[in-house]
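Trainee: I have a model open and some questions on its interior. Can we go through them one by one?
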Amino acid sequence: MLEKLRKRLQAHHPQCLSVGMPRAAVLLPIVAREEPTLLLTRRAGHLAQHGGQVAFPGGKVEPEDADLWATALREAREEIQLPPSRVEPLGRLSDVISRHGLCVTPFVGLIPPNLPLQPDGNELDAIFEVPLTWLLQDQRSHTDAIHHGERVYYVPSYAYQDYVIWGLSAMMLVELLAVGFARPISLDHAPPGRPVRHLAPRPTSLP
């Protein structure tokens, strides 16, 4: 599974946006367990932005960052104490634009199991893992239809244990599943027979 993921991501040509807006980067960590998992975090409830939401480790570019990959690694170290030396790069996904006007670049990395990770209490209240086999079954609870200009994005929402994966993180996850695992999943349409929730149009950005 992981070797095929590596080859598919290395052959992928992600969309890289050249936009005049602040940049950010996130890391999608694949944990190399016997049954591989995807690691995510939950933002602390007291935060003014994205409080209580599930997200991948990441954040804004800082002047000392050599590149976007360095940003993702630095943020992962600060947020969950993930040593950069323990992250093996697998590939890059397409840039996405957040509702707050950030151009976010997602990277996929492989990390060993059982690292002594700890959430930064100022930013996070949980670190958790979701089995890739569970995600590959497209266990979405519903689909959010997000209208952006003339386009509609069909973004899945996943309820795993006490966590809800939706919005920007779910959009990145769709590309990971479609490209990295050749799953028949897309933001361009909703799976037939699944509930769809139409959200109010967003005039300038995505969730």
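The exchange below covers cysteines, cores, a pocket and one helix residue.

Mentor: This is a predicted model: local features need pLDDT of at least 70, side-chain atom pairs count only at pLDDT 80 or more, and totals for chains, interfaces and linings use all residues. Residues are numbered from 1 along each chain as its sequence is written, and side-chain values use heavy atoms, with hydrogens and water left out.

Trainee: How many disulfides does a search of the whole structure find?
Mentor: A disulfide is a pair of cysteine sulfur atoms within 2.5 Å. The sulfur nearest to that of Cys 16 belongs to Cys 103, 8.8 Å away. Cys 16 is in no disulfide, and neither is Cys 103. The number found in the whole structure is zero.

Trainee: Is Cys 103 buried or exposed?
Mentor: Buried means under 20% relative accessible area, exposed over 50%, partly exposed in between (1.4 Å probe, protein chains only). Cys 16, at 46%, is partly exposed. Cys 103 has 0% relative accessibility, so Cys 103 counts as buried.

Trainee: Which helix gives the most to the largest nonpolar core?
Mentor: A nonpolar core is a set of buried Ala, Val, Leu, Ile, Met, Phe, Trp, Tyr and Cys residues joined through side-chain atoms within 4.5 Å. The largest has 42 residues, and Leu 28, Leu 38 and Leu 176 have the most contacts inside it. Helices (H or I, at least four residues) and strands (E, at least two) are DSSP runs, numbered from the N terminus. With eight residues, the top contributor to this core is helix α4 (residues 167-180).

Trainee: Which element gives the most to the lining of the second largest pocket?
Mentor: On a 1 Å grid over the protein atoms alone, a pocket is an open set of points where a 1.4 Å probe fits, with protein on both sides within 12 Å along at least five of seven lines; lining residues have an atom within 4 Å of a point. This pocket is lined by 17 residues, with Gln 15, Ser 94, Arg 151, Tyr 153 and Leu 187 nearest its centre. β6 (96-97), β10 (151-160) and α4 each give two or more residues. The top contributor, with four residues, is α4.

Trainee: What is the relative accessible area of Thr 71?
Mentor: Thr 71 lies in helix α2 (residues 68-80). Contact means heavy atoms within 4.5 Å. Not counting residues up to four places away in sequence, Thr 71 touches Ala 25, Gly 59, Lys 60, Val 61 and Asp 65. Thr 71 is buried, with a relative accessible area of 0%.
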